[in-house]
Every structure is written in structure tokens, then in C-alpha cells.
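Let's take a walk through this model together, starting with one small detail and then stepping back to the whole chain. Have your viewer ready.

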Amino acid sequence: MNEVVTTVPIWLCIPFAGLLLCIALLPLIRPKWWEEHQGLVSAAWIAAMAVTFCLVYGAGKTAETVLECIVNDYLTFIVLLFGLFCVSGNITMEGDFAGSPRVNVGLLAMGTLLASCIGTTGASMLMVRPVIKMNAWRKRKKHIMVFFIFMVSNMGGCLTPIGDPPLLMGFMRGVPFFWSLKLLPVLLLNMVILLFVFYHLDKRAYRKDIAQGRKPDISKPYTEFRIDGMHNLLFIVMIVAAVILSGLLPTTAAFQDAAGNVRGIHLLGEVVFTYPAMIEIALILLAAFLSFRTTRKSIRKRNHFTWGPIREVAVLFIGIFITMQPALMLLKTVGPDLGISQPWQMFWSTGLLSSFLDNTPTYLVFLTTAGTLGFAGGIATSLGTVPVSVLSAISCGAVFMGANTYIGNAPNFMVKSISEENGVLMPSFFGYILWSVVFLVPVFLVDTMIFFI
């Protein structure tokens, strides 16, 4: 939505808050009803948002806002998740490795570093099933998946624009592609702290499981390990290439009109379904189709593959994306007037809002704000010059603090859903936030003291 909004009533955010409360409370109060009626609840809050928004801005503006959200935000989001979900479901790792503290630390470290190469969503979908499978014999394992979300689904994406969508948006606005490698010291420090804490948590839980007579099947130690469906890695590369193209093509002359706007199909008002977005979607869907056509059903069966997790994410996140539009509009309106200019302020403001809103527009709001503050030196972007310390703070806040809630980043809810489908008892919405407060907030305070003050 390109129209400048001067005033946004805060009560327009009520449907968004209501949907979040339903996601948090209904699984605890009415779990069976919630499982059967998630779509109805999401649709009800979308309708509430549309009605209240219409009262303020009119039917035309409401239709344009909802349509732009669906076409330019939700559609590419859910197609990317769908593609990676399909392709990763056709890869299975099997062998005699059992989920011990050392093995789990290695898996988390590998997944975290992999996330900057194939994205947090790609790494999460590729690694989640092997981690669950290797720890299937254990009773105490929810902490494993919580730390998986912390590290693989979020922090690991900070080193390249491929890793997380906010950094891709920065790249499209002039931030050098390899600039984010400067964040490696922050990531390494966080990995050391979190893996140290995780190892001791996991060792304690591991010993309790062993003491209760639980033992992994390691009858053939170190003799068998194989990956079936390896050819699907090519389709993951294909999906990553599609995401990169979606960031590069809009900047080329062939995809711009005389006014510099991205070419596409005009739908309504200022809503345009761009050709780069169409190419991205087509390539991702083609990768998913080829993955299914070239992979044996037995691999999906061994992975316990079902459509439940992606269905749940699709239903809930269309509600989240649409109902949060007034909140994003409000943020864009008041962002430049918040008086935020110091790196630590940017880190926490971007991060806390990214915990509940889409971290990509939140990143852009604060990057735009930083670009208008008149800094003399730093990274030259299309939005203005931004000091390295400020850009680092905005980037880390958007990427890292998406781990604070299940809805803070796209893979979080997917990992939760797949884990629960495979018998892992995950924390509730508020229970997960408690985990992040206990284990993540102290790490972010350390980051603040060392890197952002």
C-alpha cells in the first residue's frame, strides 16, 4: 500500500490482538474445538478487520489493502513455505545416530550455519525431521525443539540476504550482499552461549531418560548412515534461486516501466501482481511438483509426511497477515517520530515489534527511519546513509527476536506443528514466550552491552 496514512486509529488493531489471543488461549481451553475450527476463527477475525477498516477508510481502500496483503505478502510467503515443506518431506536421514547431548549440539550448530545458505525456512524444514527422528526414543525433548527454533529457525539467518527476508529487503535497497557477514561475531557469541546452555539442559534430561530405562536403538553403532532423496537438494537450490531472483529482477530495466515501477498485472487501485513474483512462485511450485514426481512414496511414509502442518500454518497466517495491516500502518506512521536513533534503541525496538509483527516490514520501517536521520557516514542505501552500528542493530533485532514468539518468524509455527504431529509436547504460546524470556533475553542483553552501546 503506497498511500500515505496520516492517522490510524489504534482500535483498528483489535482484530489482530483478538486473533493472537485465540492462538494463545484456545489450544489450552478448547483444544479439540480449536483444531477443528481454526479456519473459522481466522475468517471471523479477518471479517472483523475488514468491517472496522471499512468504517474508517471505505470499501475501496479496504479491498485494496486486503488484496495487496494477499498478493504481495501472503502468497509468496505461503508458496515458499509450501515448496520447502514438500521438498524437505522427500528427504530422509537414517542411521544409528541417537539423540545424545553431543549429537544434538552438532545438529543445532550445523542447522544454524546452514540457515544463512538456504534460509531459515529451508534449514528448518530440512533439519526438523532428522532431529525429531534421532530423539524419538527420548521422553524429555521439547527443549530440543525450542532451541531448534531459537537458532536454526531464526538466528542462523543473519549472515546473508538469503538467510532471512528482512536482509533480502535491505539488499534490494542498496545494502551490499556480503555486508551481513559482519554479523558473524554476534552470531558466534550467541551460538556459544546458547549451545553451552543447551548442552547442560540436554545432558540433564538425557540422564533422566536413561535412568528411567529409555535406551536408543544403537545395535549397529557407526555402521549405517544414509540420506535418501538426496536429489531433492537440487530442488532446494532451485527454490533458493527463485527467492534470490525475486530480489534481483525488480531492479533490472527489463522488469521496470518508464516510471521505474516494477512491471506486472494491474489488479485493483495500486495493487500490481508483479512479474518477478510470478516467476518466483512458478519456480517454487515447479520444484515442489518435480520433487513429488521424482521421489518414492516410501520416503514420505518414513518421514510421517502429512499435509496437516502446512494446512494449519496457511489457515492461521492468512488471518495474521491481513489483521496486522492496521498495526503496520500505525507503525509506519509513528516510526519516524519515536525519537529512536541509537543502535541499542534500534535493536530493541525492531526486535520487540518483529516478535509479533512481520519482521520484514518492521525492518524496513526502522531502516527508512535511520536513513532519514542525516547520518554523515556509513552504508549508502537508497533510503539514505546508515551507520554500520545502526544497520547491524536493525538487522540483528529483526532476525534474532523473531524467535521470541511462535508467530515471530515463518518457520517457528511450522516447526511447532511438525513437532507436535510427531509426538513432541511443545510449550503453549505463552509457555514458549517464557522460554524465550528465560533463555533469549539474557543473550540479547549481552549483545546490547557488547555490540550496540
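In the hairpin of β3 and β4, which residue takes a positive phi? Keep in mind as you look that this is a predicted model. The residue to find is Gly 269, whose phi is near 55°. The hairpin has two residues between its strands, and Leu 268 on one side stands opposite Val 271 in β4. Following the strands away from the turn, you can trace β3 over residues 264-268 and β4 over residues 271-274. The two run antiparallel, with four bridges joining them.

Now zoom out to the whole chain. These two strands belong to a set of six, alongside 17 helices. Along its principal axes, the C-alpha trace spans about 65 × 45 × 45 Å. How does that fit with the number of residues? A compact globule of 453 residues would have a radius of gyration near 22 Å, and because the chain has 22 Å, the two agree.

Next, consider how the chain packs. Of its 453 residues, 55% count as buried. Turning to contacts between residues at least 6 apart in sequence, 81% of them join residues at least 24 apart.

Finally, have a look at the surface and the charges. The chain exposes about 19,100 Å², and 68% of that area is supplied by carbon and sulfur atoms. As for charge, there are 31 positive and 23 negative ones, and the mean positions of the two groups lie 12 Å apart.

Conventions: Residues numbered from 1 in each chain as written. Predicted model: local features only at pLDDT ≥ 70, side-chain atom pairs only at ≥ 80, totals over all residues. Heavy atoms only, no water. Rg over C-alpha atoms; globule rule 2.2 N^0.38 Å. Buried < 20%, exposed > 50% of the residue type's maximum accessible area, 1.4 Å probe, protein only. Contact = heavy atoms within 4.5 Å. Areas by Shrake-Rupley, 256 points an atom, 1.4 Å probe, with all protein chains shown as cover. Lys, Arg positive; Asp, Glu negative; His and termini not counted. Charge placed at Lys NZ, Arg CZ, Asp CG, Glu CD. Pairing = 2+ DSSP bridges.
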